[in-house]
Amino acid sequence: MEVDYSLFRTIHRLLRQLKDLNEQLEKGPRQVTIAERAEQAFVQDLETVKAERLRSKMAADDKQLQLSEREARIEDLKAKRNSAGSNREYQLLSDQIQADQQANAVLSDEILELLDKVDQLDVAVADSESNLEKARQETRKVAERIQAEMDNLQSESERVRQELKENESHLPADIKSEYQRVVQTRGEETFAETDLNTCGRCFTLIAPQTQSELLMKKSVLCKSCGSILYIKENTALPS
Ligand SMILES: [Zn+2]
């Protein structure tokens with residue numbers, strides 16, 4: 001019984017289209033994941049810079065407290081010095097006051113440095129927040145674009161599936177059951193076109209026996225890869 005190779009060709013084309021559409025449908029969500037990961041990196045950046053700002057601020061507050069305590073102590077020492085009983089005691093207290101004053105000068109410098117750093121980190125936090133906001137907008141944009149693409153691909157896929165079903169219904173009964181079994185696992189690899197010389201899928205040479213069967217429009221499988229063969233369009237047929 002002769003088979004209609006143009007039907008095989010059409011079904012093969014539709015199976016390839018479906019495969020292509022499925023690949024694109026799989027790629028879509030991955031693009032969203034990439035955008036989400038980029039956004040997550042900005043969240044991380046912001047947390048890092050905020051934590052550093054907090055550490056610097058706490059260190060500044062800590063030193064500020066030490067400074068106040070030491071200033072209070074200096075006042076105490078000054079009061080004691082006013083009621084010193086001897087020159088020696090007066091001198092000792094004066095030395096102590098001077099040492100504390102020097103230490104406080106160093107501490108003040110450190111506090112100023114830290115507050116300066118906090119100011120810089122405020123700017124860094126603001127930058128980081130705006131970067132994160134941009135990344136969030138980007139993720140939203142990507143997700144919206146991908147969703148629209150996915151919707152189109154879904155309806156395209158549905159259309160191809162319908163067309164495929166329609167064409168499959170024209171397959172001769174003896175081929176149909178074998179086809180339906182194979183197509184489940186092989187998809188578009190169910191078919192291979194041939195120019196009568198080699199198999200279009202595995203490039204194995206077509207044996208003369210298979211060539212004659214093809215010319216008689218029989219349903220034949222490639223001996224090597226098992227694909228259902230059909231003659232490629234515009235193949236010069238031997239006269
Ligand atoms: Zn083959």
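Here is a short chat about a predicted model and the loop between S1 and H4.

Me: What makes cysteine 199 count as buried?
Reply: Buried takes 20 or more other C-beta atoms within 10 Å. Cysteine 199 has 22 of them, so it is buried. As for its place, the residue sits in the loop between strand S1 (191–194) and helix H4 (208–215).

Me: Which residues is cysteine 199 in contact with, once neighbours within four places in sequence are left aside?
Reply: Among them are Ala192, Thr194, Thr204 and Ile206, and also Cys222, Ser224 and Cys225. To be in contact, C-beta atoms have to lie within 7 Å.

Me: Why is leucine 196 called partly exposed?
Reply: The label covers counts between the two limits, 12 or fewer for exposed and 20 or more for buried. Leucine 196 has 17 C-beta neighbours inside 10 Å, so partly exposed is the right name. Its phi is near 80°, a positive value in a residue other than glycine.

Me: And what makes phenylalanine 203 partly exposed?
Reply: Here the count is 13 C-beta neighbours inside 10 Å, and exposed would need 12 or fewer, so phenylalanine 203 counts as partly exposed. Phenylalanine 203 is in the loop between S1 and H4 too, and has a positive phi of about 60° without being a glycine.

Me: Where is confidence lowest, and where is it highest?
Reply: Helix H3 (residues 173–186) is lowest, at a mean of 90, while helix H2 (residues 87–168) is highest, at 97. For the protein, the mean pLDDT is 95, with 100% of residues at 70 or more.

Terms used:
Residues numbered from 1 in each chain as written. Predicted model: local features only at pLDDT ≥ 70, side-chain atom pairs only at ≥ 80, totals over all residues. pLDDT = per-residue confidence, 0-100. Helix = DSSP H or I, 4+ residues; strand = E, 2+ residues; numbered from the N terminus. Contact = placed C-beta atoms within 7 Å.
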